[in-house]
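User: I am new to this structure and would like a close look at one part of it, the place where aromatic rings come together. Please take me through the reasoning step by step, and then set that part against the chain as a whole.

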Amino acid sequence: MGRSYVIGEYSEKYLKKLKAEERYGTTGILLGQVTLAKTYIVFAARTPLKDQAELPPENPNEMNASDIEWVSEHARQVARMLPGGILVLGVFLIRPSKMTKEEAHDIFRKLATAVEAAVAKERLWNFTEDETAERIVLQVYTDSKKMKVQAYDLHNPQTPIKLLECKSSSLTAPWQIVEATINVDVNIPVPVTAERQFDKESLKGLNNWAKQIMQCSYLINGQFKEPESLLGEGSKKKATAEVQFLTAPVMIIDGEVDALIEDCGSSVVVKGTVRCRAYLHGSKSKVKDAIQALKRDVLNTVFIRCQMVFEDQVLNKNVEGDSSSLKAPHRIFASVLPSGVAFCDYGFADEGNKEQEERYKELLDYELNPAQLDRTEEVMLEEMGTEESDTLGRKDDQDTTETGFKYKGVAAAAGVGVIAVAVSVIYFGNFIGGGEFRSHASTWVIRWRGSYQREIGR
């Protein structure tokens, strides 16, 4: 029995709306979930126009490299807003009637390949061998009511694109939710030869931590469950599952390690606590799938925040201020679908609801209601963590090394004691040499640089 494809009613109505506007040539991305048996399309978002006054090209097959880069950059930024379990599945096109089959297949290959490459750059994890390598392309024809879904093989780009049957569904239930609070404490050495401390290459230092997260054990609601068991097994009612990850040092197999000694003038210490979430469709979701989706969300949100900090430092050429403590963003969830599935954005201390609404409109073409925003999970306990670390600093101000050690304990205790986020901090200090180590109780923040157009164009 082959794979089946399901499109949510929200996405179906949205695509029909774009067709009704006669904006032929409009491109966009598809978001959803892939399981062993089914692919669910839960959301569609058109690519923003470079100039809001212009119309999509009448001949999408004439797209140049900058047009394809624009689509893939849009996909990259939207991928940052996705929780665990939700992926960029592919692309769609409001197809003009004069476009030939060959032209359509050619542009879809270019778009699908570019989109996947852009999104993959921000992953600290890889797909498993049993996960499908398909990405989907959806065509909305201008001269009929048809919507055709086709599959594109990422591993074999030149293979024929298969025509698929796609069914419509509300996709409102059942969605199972798993959540976790993760304490992060990663030291990334920065070589003396590095051109700058905040280089993206430094993020490669997160790879070992990523392996540790992917290999760690887990408890679900305080109990161990077999990977092949059903996530909701034994529960009388639908409820969010709280996961606790039990981390241990990465296992090293003999012969796998080549020792390397390198002079390091400093280090980047990523330290704090983050809140993570994953969604799974269907009442028969397995524990192993839920844990995998949640672990990937852990890696995604930490990597994205670090990258945003680095981008800001490079963009602003290390602007004046306390360079030993740089702020990164809080994660703010917002339920955008009738099913209750929430996407997220990264918000800042000086931002209100207006900025969130503008980004959802620009990137997702979605009119966000402020009531949909959930700022509580990370902001609430960040304040608690700040109060505790301030008290700690007053008691041990004369010994900075001891203060730093004790602060580390407070951050962990707050994350474990209260299921939300305490404090998320990024420190920058000396890795080799006698520099001082100080603790800073401040939020993770980094500015999303202006509008979508300025972000993509820089």
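Analyst: Tyr366 is a good place to begin: with a relative accessible area of 11% it is buried, since the term applies to values under 20%. This and everything that follows is read from a predicted model.

Tyr366 belongs to a cluster in which ring pairs link it with Tyr10, Phe43 and Phe343. To see how such a group is put together, it helps to go through the pairs in turn. The structure holds six aromatic pairs. One of them is formed by Tyr10 and Phe43, whose ring centres are 5.3 Å apart and whose planes meet at 20°, so this pair counts as stacked, the cut-off for that word being planes under 30 degrees apart. Because Tyr10 is part of helix 1 (residues 9–20) while Phe43 is part of strand 3 (residues 38–46), the pair ties together parts that are 33 residues apart in sequence.

The two partners are not covered to the extent that one word would fit both: Tyr10 is partly exposed, at a relative accessible area of 27%, whereas Phe43 is buried, at 0%. Tyr10 also forms an aromatic pair with Tyr366, and here the geometry is tilted, with 6.5 Å from centre to centre and 55° between the planes. Since Tyr10 lies in helix 1 and Tyr366 in the loop between helix 6 (353–364) and strand 16 (373–374), this pair ties together parts that are 356 residues apart in sequence. Tyr10 therefore takes part in both a stacked pair, with Phe43, and a tilted one, with Tyr366.

Strand 3 leads on to another residue, Thr47, which is found in the loop between that strand and helix 2 (65–79). Thr47 is buried, with a relative accessible area of 9%, and, leaving aside residues up to four places away in sequence, it touches Thr27, Gly28, Trp70, Val71 and His74. An aromatic ring can also have a charge placed over it, as at Phe333, where the charged end of Arg277 sits 3.8 Å from the ring centre.

As for the chain as a whole, it has nine helices and 17 strands, and buried residues make up 50% of its 458 residues. Among contacts with a separation of 6 or more, 77% come from residues 24 or more positions apart. The accessible surface comes to about 22,400 Å², and carbon and sulfur atoms account for 51% of it.

Conventions: Residues numbered from 1 in each chain as written. Predicted model: local features only at pLDDT ≥ 70, side-chain atom pairs only at ≥ 80, totals over all residues. Heavy atoms only, no water. Phe/Tyr/Trp six-rings, centres within 6.5 Å; stacked < 30°, edge-to-face > 60°. Helix = DSSP H or I, 4+ residues; strand = E, 2+ residues; numbered from the N terminus. Buried < 20%, exposed > 50% of the residue type's maximum accessible area, 1.4 Å probe, protein only. Lys NZ or Arg CZ within 6 Å of the ring centre and 35° of its normal. Contact = heavy atoms within 4.5 Å. Areas by Shrake-Rupley, 256 points an atom, 1.4 Å probe, with all protein chains shown as cover.
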